[in-house]
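User: I'm new to reading protein models and I'd like to learn how the chains fit together. Can you walk me through this one?

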4 protein chains.
Amino acid sequence: MSPSFVSPWAVYQALRQRTLKLTEALSAEDQAVQSMPNASPAKWHLAHTTWFFEAVVLTAHAKGYQVFDLAFHYLFNSYYESLGERQPRDQRGLLTRPSLTQIHAYRAHVDAAMEKWLNTDGPSADAVSLFELGLHHEQQHQELLVTDMLHALSRNPLLPDWGLKLIPQTASESLTTSANTDAAISTGWRHFAGGVVAVGHGGEGFAFDNETPRHQVLLRPYALADRLVSCGEYLAFMLAGAYERPEYWLSEGWSRVKSEGWTQPIYWHAADDGDEKDWQVFGLQGLQKLDPEAPVTHLSFFEAAAFAAWAGARLPTEFEWENAAALAPDLPQLFGAAWQWTRSSYDPYPGFAPLSGAVAEYNGKFMVGQLVLRGSSAYTPTEPMPHARISYRNFFSADSRWQCTGLRLAKDSMQ
Amino acid sequence: MSPSFVSPWAVYQALRQRTLKLTEALSAEDQAVQSMPNASPAKWHLAHTTWFFEAVVLTAHAKGYQVFDLAFHYLFNSYYESLGERQPRDQRGLLTRPSLTQIHAYRAHVDAAMEKWLNTDGPSADAVSLFELGLHHEQQHQELLVTDMLHALSRNPLLPDWGLKLIPQTASESLTTSANTDAAISTGWRHFAGGVVAVGHGGEGFAFDNETPRHQVLLRPYALADRLVSCGEYLAFMLAGAYERPEYWLSEGWSRVKSEGWTQPIYWHAADDGDEKDWQVFGLQGLQKLDPEAPVTHLSFFEAAAFAAWAGARLPTEFEWENAAALAPDLPQLFGAAWQWTRSSYDPYPGFAPLSGAVAEYNGKFMVGQLVLRGSSAYTPTEPMPHARISYRNFFSADSRWQCTGLRLAKDSMQ
Amino acid sequence: MSPSFVSPWAVYQALRQRTLKLTEALSAEDQAVQSMPNASPAKWHLAHTTWFFEAVVLTAHAKGYQVFDLAFHYLFNSYYESLGERQPRDQRGLLTRPSLTQIHAYRAHVDAAMEKWLNTDGPSADAVSLFELGLHHEQQHQELLVTDMLHALSRNPLLPDWGLKLIPQTASESLTTSANTDAAISTGWRHFAGGVVAVGHGGEGFAFDNETPRHQVLLRPYALADRLVSCGEYLAFMLAGAYERPEYWLSEGWSRVKSEGWTQPIYWHAADDGDEKDWQVFGLQGLQKLDPEAPVTHLSFFEAAAFAAWAGARLPTEFEWENAAALAPDLPQLFGAAWQWTRSSYDPYPGFAPLSGAVAEYNGKFMVGQLVLRGSSAYTPTEPMPHARISYRNFFSADSRWQCTGLRLAKDSMQ
Amino acid sequence: MSPSFVSPWAVYQALRQRTLKLTEALSAEDQAVQSMPNASPAKWHLAHTTWFFEAVVLTAHAKGYQVFDLAFHYLFNSYYESLGERQPRDQRGLLTRPSLTQIHAYRAHVDAAMEKWLNTDGPSADAVSLFELGLHHEQQHQELLVTDMLHALSRNPLLPDWGLKLIPQTASESLTTSANTDAAISTGWRHFAGGVVAVGHGGEGFAFDNETPRHQVLLRPYALADRLVSCGEYLAFMLAGAYERPEYWLSEGWSRVKSEGWTQPIYWHAADDGDEKDWQVFGLQGLQKLDPEAPVTHLSFFEAAAFAAWAGARLPTEFEWENAAALAPDLPQLFGAAWQWTRSSYDPYPGFAPLSGAVAEYNGKFMVGQLVLRGSSAYTPTEPMPHARISYRNFFSADSRWQCTGLRLAKDSMQ
């Protein structure tokens, strides 16, 4: 496995501790709330990631493992039909029992068994693959824990300051370019020649099944913006009537604007002084003054695509993004700022085959009706091993607004 | 005020402590959950009852009172339009902040101010009326806290044992008659002559506005069962096909049976052994074996009315109930076992006038589309002053199943 | 039966022809549309009233009767569980087949059988009761056909002029008093002493089961307005902020105002000139200038009750209304102008027993969650026999706005 | 324009007459019904296609054209934001007025104006493009008229026989291969080498904007079945537990199976004799015995994909299909049997640009969240000019079941 210079147990331990660390400033109450059907309570994330190791690794591969509590297999299975019935997704907020304390005990129980299994039992290669999947799985849930919790706090009229500091966020902030927001879109473009290029994961190291197989695609010459769209630019779009002019929107996007009363990004708040250039943004430190040079985040695909239409550009395809990231790895804000919506639907790659066993359900069964995002966000873990990579395919439905999602412009190139 | 032999402060203090005592065995997580739109989190009840004293009594009548937190007036107003905007009812479960600890501090703050006001300031008669209303208001919420929390626990797949012991419940259990459940309905009937009788509250002591004015109604001769319908009798109804035969049901009740898949009372669970006579009932001590002699509870009006139709009887009107309770106060299970559905819609009494000021909204604006219940339940407080009385009008919509509600049969009398 | 001076067949024939006459100006398309779940297509009314005679009278009582089409028993049963499965109520608009022509043939087939049965077979007394019920049933549907069709036309952006002329409507218009709309509510009051009075149907002639048994009730002294509330008065209420001020509304009524965006009666349209005193009203002759002296109609109970609260009065109980109608039958607009919302929930009378057989479901099973209306409207048939009477209990849910419903004010009397 | 050997007016006239011919056997009632939000009444199709010529061609390009009725621009605009407000899509069934007769008059009025314009005025090239778009637009609605009407009839409990005969249907039936349904999937495969191939429309003749620009894609070697999946094969899938086994389904597809109770294709009906191999299928001639050799139709993408998974194959991508159709135009059932679901999301082609003006909204704004279908169906018009072509991209959401949609299997090739 990739972080080969440290022991698997050390990696596991560091990663598991990071999950708990994310919840340090949260009360048991905070960790129990479910603010919408597709956001989960923080404590559910704590338990579900643990269940994954228990159900997929320990039960099958650790001789003599004693299940912590059989009922948890019902409570904390997410969507694995082959692993039995489960608590309905929209009712995870009802689980005030087991208590947070019991879930911490569950984590400790599984961690102890994992330590023994990794350090003493000598797992098989197959089992190590599942173990590694469990690590990356928990990293995915680390980010979801943050976005789900942030959404819950955003629905609280008090708009509380979580006070969570994520190192990568600071790092990404340093990547902010000195955008000139006087011009509507003042962007430097990087040009790429296209042609037949290879995409997807094919080499060493971990990747999810949906990144495979590596294969060739044909690209036309294209250009990508050398940074993400900023809050200041998005504000200019809003002042130009963004949410009142259907011509920028996909049909279903416009329906959402009308039916849900969208007038701004989900976490933007108008200033008390009524100045239309004066906005606040809700985030991990509560309400903060909008920084016009920071990347705009927490946009739906619909908003991202409307912005691109207004700016006279377009979104890149996922392969344009991946090819650029391969050829120009210094391209700013590829990683660590915001997941970048692409104009690619989440379809299977040619020759795609799901994993075998229970984890066959991991990615493949969601491959319809969603859009691919590339890069990574300020919430994406980088420790104890990096989570993102250039072949990584994140995916959400086009109306999703609660993720740390932004956009990078693209256009055809005459090169 | 009624408990005149003790100081108002002593009554207040005892009552407030009882509220907290109800939550002792609950975690902060338990107290934050909202299991359906019309059930509220326990901590919301703790805060809302406190807000009532603050907003209705202290702010208006206690000179120099310092509001604990202005935001709480938005968060914990229930339905008082004249007291400003409020957190939507179905989003009370989002309030993980303020924390339970902060809400306890809120209670302490208001209690201290109330002590000063009651013991030092010398409140006016008008203010004392509002204070007294606040006491009875909190008693209402004590029962709602129990039923709302029980509902939340009932939705948890673990079906946890709350372990709450309510003294009156034990008392009511002792009231259980030795019903002979071999006969479908083996009831002793108490006969009443009817005629022009007075109903409603008219004398000394506290009453809600909806119990007034006292007035005369004309009753025909009638009879009431001398006890509530038992679980064993309700089971006989079920075995006779209750939930499959439309002829027993009101039209809207039958619609509910079909659309929501009702096959039994909400808290009944079929036995694991599959024996159709062997049931368990979920309650304050978790799952318990069904006691065929205990009063059946947690029924909707629709179920109560269907049972009565099957039994060849009917539900009493609210005035038949009240007249019987006046004439035969020893009638078993009048109080302390289960609220008793009547066949009376919740209409205003002739000459009804709401209170003045903000509390004008207390009862009157709900007087349509609901049914009156009489008596009191095993969850209704009896300390530090009795909450129920013979003129008391409880009310819920006909499909409500999460309250401690049962029925007593009635019939016309040939007397 | 009541119209004893003419033959049953002549009455039947006249009544059935009147039903068809109501649809003369409507196309087959018009008669097929269902504009909301609880409004039915006109052709469904034509067929359902025919099915009633077939299923309840002919099949059971006419020897040798040949059913027209067995499938119609599924298609045109309204809500009789004991008569089998039926087309879901909200899917009646799917029935483009059978065609209107086929339904006319169905009517002719049943009419021919009814003629033979009435004139030749010599029906039994029991059967005659069901026959008479069928007549009054069809009269009820004559009014529903008008209100359901009017609703469908009101939802058409063209706001078409139906052009239907109902004789009683003209008659009722002549009853319009010369209300002085300068004063908010300038009403003459008629005072009644109350006391123990008899209500309900008890004598000769037809009545529905829900009007029985005749019984005594106790009334306090009260006064009724000597006419209905007018459009001009309701407009004054609107100009006083009716739909923006929660204090006039029942809680559930206010919820409707907000959630459904009510700002005026359902069939009122603001004038093009923007003058807030200049309104149009949609009706049987399309859009017409609002007549300030005409009774306001097509109000929900919530709107009627809010108006009464604003006017410092209240709605009468159903028994106050009935007693007044008995003592002062010349009271204007008792009948023929608008159904009058009362402050009485639709509960069973003491001693109420439904009819036997299939028609047991006729009224009783709807006796919860609705309000009683008294009088009759401009759409209520008066030929070939009067439909309304002083004991008549009409009923709708409190949010119903598509019926011809208005209000008469009441107050307590110091008499 | 493509059918260059005949006059534009002759083509127009023939096409318009075909539309009317489709409705000949339907009553005005039939043509007014809307059976679900995304199906439109037949008369709406008649009017909307006429409106398209009026709004897009005549109003802009025919000097002196008199609009038939301005209100129709509100009533019959489908989704063109730039052309003003419109009747909500789910309320098209309320339009009993204008009557079918008036809509026929509307068609005649526009036809007369088109004749004058085409034969006398000498339209510009730009205008001719819009005219040609109008022709193909009306052909699209010819098919939708059939599928929408069929759906409405399928919801009628009488399951009426429309009696519509479409010549192509007969033709397609003759294409039915003699499938051996004893073997689960006994298919002949046609192999294709893949490589860099050109797709999309690029030559002469009409195409929709979504088929352009022609561009190159890279394909791996693949094989396509030489016919569509048959009803007999789909029945074998059902008998193997299709609708009870989640492992074959995409996650959202399985959710539909459960929440909507899918147990079979939408138009299949179990036989009265209860024999699980004995089915009937509803279609243009009412209920017909299932023909095991006929292509299975009216499947959702979810059902098609589940079948492919069960069969150990997959769906083709849209480019695999198009390349095969270019290389092997004799491949059976490419056209005229059923639209064929592909595994390609409906994304824009590289370099895609919508048309200019109002018709910019024609296709582009729907390019998210849908799947591409290729080929054509038994309902697709072939006269007066062919509607389908190998670059044609039809698209529907994955849950759509009311279109004439089936599937052809694909697999990777080792060639």
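Analyst: Sure, let's begin with polar contacts. A polar contact is a pair of N or O atoms within 3.5 Å, where one must be able to donate a hydrogen and the other to accept it. Keep in mind that this is a predicted model.

User: Okay, how many residue pairs are in polar contact across the interface of chain A and chain B?

Analyst: The rule finds 12 such pairs across the interface of chain A and chain B, with both residues at pLDDT 80 or more. Looking at which parts of chain A touch chain B, the elements giving two or more residues are helix 2 (28-32) and helix 4 (72-75) of chain A. Helix 2 of chain A supplies the largest share, 4 residues.

User: What about charged pairs: how many salt bridges are found across the interface of chain A and chain B?

Analyst: For those, look for a side-chain nitrogen of Lys or Arg within 4 Å of a carboxyl oxygen of Asp or Glu. Here the rule finds 4 salt bridges between chain A and chain B. Try A:Lys43 and B:Glu29, which form a salt bridge with their closest N and O atoms 2.2 Å apart.

User: And how much area do chain A and chain B bury between them?

Analyst: Together they bury about 2,300 Å², 57% of it on carbon and sulfur atoms. On chain A, the residues that lose the most area to chain B are A:Glu29, A:Leu94 and A:Arg97, and together they account for 34% of what that side buries. If you'd rather think in residues, 29 of chain A are in contact with 29 of chain B.

User: How is chain D related to chain C?

Analyst: Picture turning one copy onto the other. Chain D can be laid on chain C by a turn of 180° and a shift of 0.0 Å along the axis, with an RMSD of 0.0 Å. The two copies are thus related as by a two-fold rotation axis. In chain D, the C-alpha nearest that axis belongs to D:Glu29, 2.3 Å away. Both copies use the same surface, as 100% of the contact residues of chain D recur in chain C.

User: Do other chains meet too? What about chain A and chain C?

Analyst: Chain A and chain C do not touch, and their nearest C-alpha atoms are 14 Å apart. No contact joins chain B and chain D either; their closest C-alpha atoms also lie 14 Å apart.

User: Last one: which residues have the most contacts inside the largest nonpolar core?

Analyst: In soluble globular proteins, nonpolar side chains tend to be buried together. The largest nonpolar core here has 105 residues, and B:Met114 and B:Phe301 have the most contacts inside it. Beyond its neighbours within four places in sequence, B:Met114 is in contact with residues including B:Trp9, B:Tyr12 and B:Phe131.

How values were computed:
Residues are numbered from 1 along each chain as its sequence is written. Chains are lettered from A and ligands numbered from 1 in the order in which they are written. This is a predicted model: local features need pLDDT of at least 70, side-chain atom pairs count only at pLDDT 80 or more; totals for chains, interfaces and linings use all residues. Side-chain values use heavy atoms; hydrogens and water are left out. A nonpolar core is a set of buried Ala, Val, Leu, Ile, Met, Phe, Trp, Tyr and Cys residues joined through side-chain atoms within 4.5 Å. Buried means under 20% relative accessible area, exposed over 50%, partly exposed in between (1.4 Å probe, protein chains only). Contact means heavy atoms within 4.5 Å. Copies are superposed by least squares on the C-alpha atoms of residues with pLDDT of at least 70 in both. Buried area is the accessible area (1.4 Å probe) that two parts lose on being put together, summed over both. A polar contact is a pair of N or O atoms within 3.5 Å; within protein, one must be able to donate a hydrogen and the other to accept it, and residues adjacent in sequence count only if both atoms are side-chain atoms.
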